Amino acid sequence: NKSLLLLQLLNNLLIFLISFFLGRIINTKIFRNSDFLQSLLIGLPLISYFIFFLCAMKIIHPQNIKNFFYLFSGIIVFLTIKNLKKITLSPGKILADFISYKQLLLVIPFIILLIAAILLTLTPPYSRDSLVYHLTVPKLYILKQGFHFIDGNIYSNFPMNTEMIYLLLLILGNGIGAKIFHFFSGLLVL
């Protein structure tokens, strides 16, 4: 369904935008820096810790989480548009820092692999690891409205930051949103 896919892409974009905005606040106040990646990497754990806190308090209510997420996203989008002049983000400069024009020909095979990875990202989750742990455990946390012991799944006893983001994306949509987040996170690592 194209509309659901677009919604998942929008949700991922909003998570990264919120992460960047929150990280930028901390980054500029504490480190006196406005680096894009550093701000993003400071902000992502903040969202994850917030979801972790809600799970620990057993107050994961999907409709309330959706309402809060979209309200907070609206505020962040408004503040981002309002402060757009202050944000110095130049895609050309970011690209120029990583690659020169002479190296561009070497990147073409990477781009082909990237396209293949995007196509795989848009398929429903099928790997055993995703179906047993990465998506199932957050889904069970949603059903129980927080953390609880899951018999037979030892990995559920130590939820990780990424699974907390997956939990938010499962509330906002489905497993494809988590795969899209995983894909974009992989791009950030490169």
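Start by selecting Lys 58, which sits in the loop between helix H2 (36-56) and H3. What you have open is a predicted model, and this residue is a handy place to get your bearings. Check the backbone: phi of Lys 58 is positive, about 60°, although the residue is not a glycine. How exposed is Lys 58? With a relative accessible area of 41%, Lys 58 counts as partly exposed.

**Zoom out for a moment**

Show the whole chain as a cartoon. You should find nine helices and zero strands, so to speak an α-α-α-α-α-α-α-α-α pattern when you read along the sequence. The chain has 190 residues, and 33% of them count as buried. If you draw the contacts between residues at least 6 apart in sequence, 71% of them join residues at least 24 apart.

Now colour by pLDDT. The mean for the chain is 85, and 89% of the residues reach 70 or more. Where is confidence lowest, and where is it highest? The low end is helix H4 (residues 91-98), with a mean of 57, and the high end is H8, with a mean of 93.

**Helix H1 and its partners**

Select residues 2-30, which make up helix H1. The next three stops look at this helix against H2, H3 and H9. Two packed helices are described by the angle between their axes and the distance between the axes, so have both ready at each stop.

*Stop one: H1 with H2.* Add H2 to the selection. The axes of H1 and H2 come within 6 Å and cross at roughly 105°. Why call this pair roughly perpendicular? Angles from 65 to 115 degrees go by that name, and H1 and H2 are therefore roughly perpendicular to each other. Show side chains for the contact: on H1, pick Ile 15, Phe 16, Ile 18, Ser 19, Phe 20, Leu 22, Gly 23, Arg 24, Ile 26 and Asn 27. On H2, pick Phe 36, Gln 38, Ser 39, Leu 40, Ile 42, Gly 43, Leu 44, Leu 46 and Ile 47. Colour them by class and this contact of H1 with H2 splits into twelve nonpolar, six polar and one charged residue.

*Stop two: H1 with H3.* Hide H2 and bring up helix H3, residues 62-82. Here the axes of H1 and H3 come within 10 Å and cross at roughly 60°. That makes the two helices oblique to each other, and their crossing is left-handed. The H1 side of the contact consists of Leu 7, Asn 11, Leu 14, Ile 15, Leu 17, Ile 18, Phe 21 and Leu 22. Facing them from H3 are Phe 69, Tyr 70, Phe 72, Ser 73, Ile 76, Val 77, Leu 79 and Thr 80. By class, the contact of H1 with H3 has 13 nonpolar, three polar and no charged residues.

*Stop three: H1 with H9.* Swap H3 for helix H9, residues 175-189. The axes of H1 and H9 come within 9 Å and cross at roughly 45°. That makes H1 oblique to H9. Which hand does the crossing of H1 and H9 have? H1 passes H9 in a right-handed crossing. From H1, select Leu 5, Gln 8, Leu 9, Asn 12, Ile 15 and Phe 16. They meet Ile 176, Gly 177, Ile 180, Phe 181, Phe 184, Ser 185 and Leu 188 in H9. The contact of H1 with H9 divides into nine nonpolar, four polar and no charged residues.

While you are here, click on Leu 10, also in helix H1. Leu 10 counts as partly exposed, at 40% relative accessibility. Put a distance label from its C-alpha to that of Gly 177: Leu 10 and Gly 177 are 167 residues apart in sequence but 9.4 Å apart in space.

**The loop between H7 and H8**

Last, move to the loop between helix H7 (136-144) and helix H8 (161-172). Two residues there are worth a click.

- Gln 145 lies in this loop. Its phi is near 60°, a positive value in a residue other than glycine. Gln 145 is partly exposed, with a relative accessible area of 31%.
- Asn 153 is found in the loop too. Buried or exposed, then, for Asn 153? Asn 153 counts as buried, at 10% relative accessibility. Leaving out residues up to four places away in sequence, Asn 153 touches Val 132, Tyr 133 and Val 137.

Notes
Residues numbered from 1 in each chain as written. Predicted model: local features only at pLDDT ≥ 70, side-chain atom pairs only at ≥ 80, totals over all residues. Heavy atoms only, no water. Axes fitted to C-alpha atoms, helices over the stretch in contact; angles between N-to-C directions. Helix = DSSP H or I, 4+ residues; strand = E, 2+ residues; numbered from the N terminus. Parallel < 35°, antiparallel > 145°, perpendicular 65-115°, else oblique. Left-handed = near helix turned anticlockwise from the far one by under 90°. Contact = heavy atoms within 4.5 Å. Nonpolar A, V, L, I, M, F, W, Y, C, P; charged D, E, K, R; others polar. Buried < 20%, exposed > 50% of the residue type's maximum accessible area, 1.4 Å probe, protein only. pLDDT = per-residue confidence, 0-100.
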